[in-house]
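Hi,

Here is the structure I said I would pass on. Have a look at it first, and then read my notes below.

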Amino acid sequence: VSGLADFYQQKRDLFAAALQHSKLSLLPCQGTYFQLADYSAISSLPDTAFCDWLTINHKVAAIPLSVFYQAPPEQRIVRFCFAKTSDTLNAAAEVLCRL
């Protein structure tokens, strides 16, 4: 599986670069296929409602962090999977930059 880490780092870097003009605030990530993003500049919805809204109205899926907590902290953070094709990442970023 030589080169896999570099492959996914390139995916993450492509997605992050494509989102640089969005209102999302990207958090550092390493050793994962997910980019964490603070969406508080876009919406005050709870993360589950924000993810529903994003998926239904904008056709971009995100995963709410609160589902991983028994007692979730008060935050506006979701995660996006960047284990996708470059075309898919760029299309999602275009949508997210318009929010």
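**Strands first**

Start with Phe34, which stands opposite Cys81 in S4. Keep in mind as you look around that this is a predicted model.

That pair belongs to a longer stretch of pairing: strand S2 (residues 34-38) and S4 are antiparallel and share five bridges. S4 itself covers residues 77-81. How many of the five residues of S4 are buried? Four of them are, so the strand is mostly covered, with buried meaning under 20% relative accessible area.

S4 also pairs with S3, again in the antiparallel sense, and here two bridges do the joining. If you want a spot to zoom in on, try Ile63, whose bridge partner in S4 is Arg79.

S2 has another partner too. Strand S1 (residues 25-26) runs antiparallel to S2, and two bridges connect them. Look for Leu26 here: facing it in S2 is Ala37.

One thing to bear in mind when you turn the view: in a regular strand, side chains alternate between the two faces of the sheet.

**A serine in a loop**

Next, go to the loop between strand S3 (63-64) and strand S4 (77-81), where you will find Ser66. Is Ser66 buried or exposed? Its relative accessibility is 17%, and because the cut-off for buried is under 20%, Ser66 counts as buried.

What does Ser66 touch, leaving aside residues up to four places away in sequence? The answer is Asp47, Thr48 and Pro72. With Asp47 there is also a polar contact, side chain to side chain, at 2.7 Å.

**Out on the surface**

Last, a nonpolar patch. Which residues make it? They are Leu4, Phe7 and Tyr33, and the patch comes to about 270 Å².

Leu4 sits in helix H1, which spans residues 4-18. Its relative accessibility is 33%, so Leu4 counts as partly exposed, a class that lies between the 20% limit for buried and the 50% limit for exposed.

That is what I have for now. Happy to go through any of it with you on screen.

Cheers

Definitions and conventions: Residues numbered from 1 in each chain as written. Predicted model: local features only at pLDDT ≥ 70, side-chain atom pairs only at ≥ 80, totals over all residues. Heavy atoms only, no water. Helix = DSSP H or I, 4+ residues; strand = E, 2+ residues; numbered from the N terminus. Buried < 20%, exposed > 50% of the residue type's maximum accessible area, 1.4 Å probe, protein only. Polar contact = N/O pair within 3.5 Å; in protein donor to acceptor, adjacent residues only side chain to side chain. Contact = heavy atoms within 4.5 Å. Patch = residues over 30% accessible without salt bridge, like charges linked within 9 Å, V, L, I, M, F, W, Y side chains within 5 Å. Areas by Shrake-Rupley, 256 points an atom, 1.4 Å probe, with all protein chains shown as cover. Salt bridge = Lys/Arg side-chain N within 4 Å of Asp/Glu carboxyl O. Pairing = 2+ DSSP bridges.
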